[in-house]
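Dear colleague,

Please find below the structure that I am handing over to you. A summary of what was found in it follows directly after.

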Amino acid sequence: MGERTSPAPGTFSWADLSTSDAEGAKAFYTSLFGCDFEDSPIPDDGVYTMLLTDGKPVAALFGRMQEDQPPAWNSYVTVESADDAAASAQEHGGMVVMEAFDVMDVGRMAVFQDPTGAFLCVWQPKGSIGAERVNEPGAITLNQLNTTNPERAQQFYEDVFGWRFEAVSEDPPYWGIYNGDRLNGGMMPLPEGAGAPSHWLVYFGSASTDDGARRIAELDGQVIVGPMDVPGGRILVAIDPQGAVFGLLSGRFDD
């Protein structure tokens, strides 16, 4: 478990949910995680809802901006310069979806797609570093790339962020993603014929994945994978009532 004050560049540092029903999602996740919330106005009459543990932000959610946009959790990586990160993504075969822009006075961000199709946000902190608590129940604990082309994805992220990939298992194939010497995420290939595009999956900590599965069902969500044992813990993957996919992980948490 750990509090964060200044994530190193290249570190996953935030996740927020773009959803079709912000009030419904707020009720679901605060009940599932046992967390508090704080609503803040944003431009265009929007509301950005911070999820809080002991008063510290752990993630957020907001009503989606475009009606045809499916609900989804967005992963953010801390960078020194959002402009430079977006330019590097483009240079190495990615596609910039949103050029770098200021988010009021709290930071600067950009959004790109990697060459295999997964969306990722970068965050240049100013007033906000992102999550101030991680690796504990109700907080971000793992960001996992599920991709149609692990080899191409690995080359891209090595070039853009300097990440290091280490094989964890061959069957099923799985790689740990390191930022320097620190475990920073994971990667696995999408099963052939899965029909899903490449994407980053956000896992949140859980005291008990099995209890989480029961609670998800009570709150009208749906477990689609697991609960199942993995090295270091137990996981599940679920869909919230609005259709966004997320994961829960119980077991050993890094500091």
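Two rings of Phe, Tyr or Trp, the last taken by its six-membered ring, are treated as a pair if their centres lie within 6.5 Å. With that in mind, ring pairs link Phe12, Phe112, Phe156, Tyr157, Phe161, Trp163 and Trp200 into a cluster. Please note that the model is a predicted one. I return to the cluster after an outline of the chain.

Overall form

The chain holds four helices and 18 strands. Its radius of gyration is 17 Å, and the globule rule gives 18 Å for 255 residues, so the chain is as compact as a globular protein of that length. The C-alpha trace spans about 45 × 45 × 35 Å along its principal axes. Of the 255 residues, 51% are buried. Among contacts with a separation of 6 or more, 59% are between residues 24 or more positions apart.

Surface and charge

About 12,100 Å² of the chain is exposed, and 49% of this area is supplied by carbon and sulfur atoms. The side chains include 14 positive and 38 negative ones, and the centres of these two sets lie 5 Å apart.

Aromatic pairs

A search of the whole structure gives 19 aromatic pairs. One of them joins Phe112 and Phe161, whose rings are 6.4 Å apart centre to centre, with 35 degrees between the planes; this pair is tilted. Phe112 belongs to strand 8 (residues 107–113) and Phe161 to helix 3 (residues 150–161), so the pair ties together parts that are 49 residues apart in sequence. Phe112 and Phe161 are both buried.

The rings of Trp163 and Trp200 also pair: their centres are 6.1 Å apart and their planes stand at 80 degrees, which means that the pair is edge-to-face. Trp163 sits in the loop between helix 3 and strand 12 (164–170), while Trp200 is in strand 15 (residues 199–205), so this pair ties together parts that are 37 residues apart in sequence. Both Trp163 and Trp200 are buried. These four residues are among the members of the cluster named above.

Three further buried residues

Gln113 is found in strand 8. Its relative accessible area is 17%, and it therefore counts as buried, the cut-off being under 20%. Leaving aside residues up to four places away in sequence, Gln113 touches Gly94, Met95, Val97, Ala118 and Phe119. Between the C-alpha atoms of Gln113 and Phe156 there are 11 Å, with 43 residues separating the two along the chain.

Thr53 is placed in strand 4 (residues 46–53). Thr53 has a relative accessible area of 17% and is buried. Again without residues up to four places away in sequence, Thr53 touches Cys35, Val58, Arg133 and Glu136.

Ala131 lies in the loop between strand 9 (119–125) and strand 10 (133–134). With 2% relative accessibility, Ala131 is buried. Beyond residues up to four places away in sequence, the contacts of Ala131 are Arg4, Ser13, Trp14, Pro57, Val58 and Ile140. Val58 thus appears among the contacts of Thr53 and among those of Ala131. Ala131 and Ala118 are 13 residues apart in sequence, and their C-alpha atoms are 22 Å apart in space.

With kind regards

Terms used:
Residues numbered from 1 in each chain as written. Predicted model: local features only at pLDDT ≥ 70, side-chain atom pairs only at ≥ 80, totals over all residues. Heavy atoms only, no water. Helix = DSSP H or I, 4+ residues; strand = E, 2+ residues; numbered from the N terminus. Rg over C-alpha atoms; globule rule 2.2 N^0.38 Å. Buried < 20%, exposed > 50% of the residue type's maximum accessible area, 1.4 Å probe, protein only. Contact = heavy atoms within 4.5 Å. Areas by Shrake-Rupley, 256 points an atom, 1.4 Å probe, with all protein chains shown as cover. Lys, Arg positive; Asp, Glu negative; His and termini not counted. Charge placed at Lys NZ, Arg CZ, Asp CG, Glu CD. Phe/Tyr/Trp six-rings, centres within 6.5 Å; stacked < 30°, edge-to-face > 60°.
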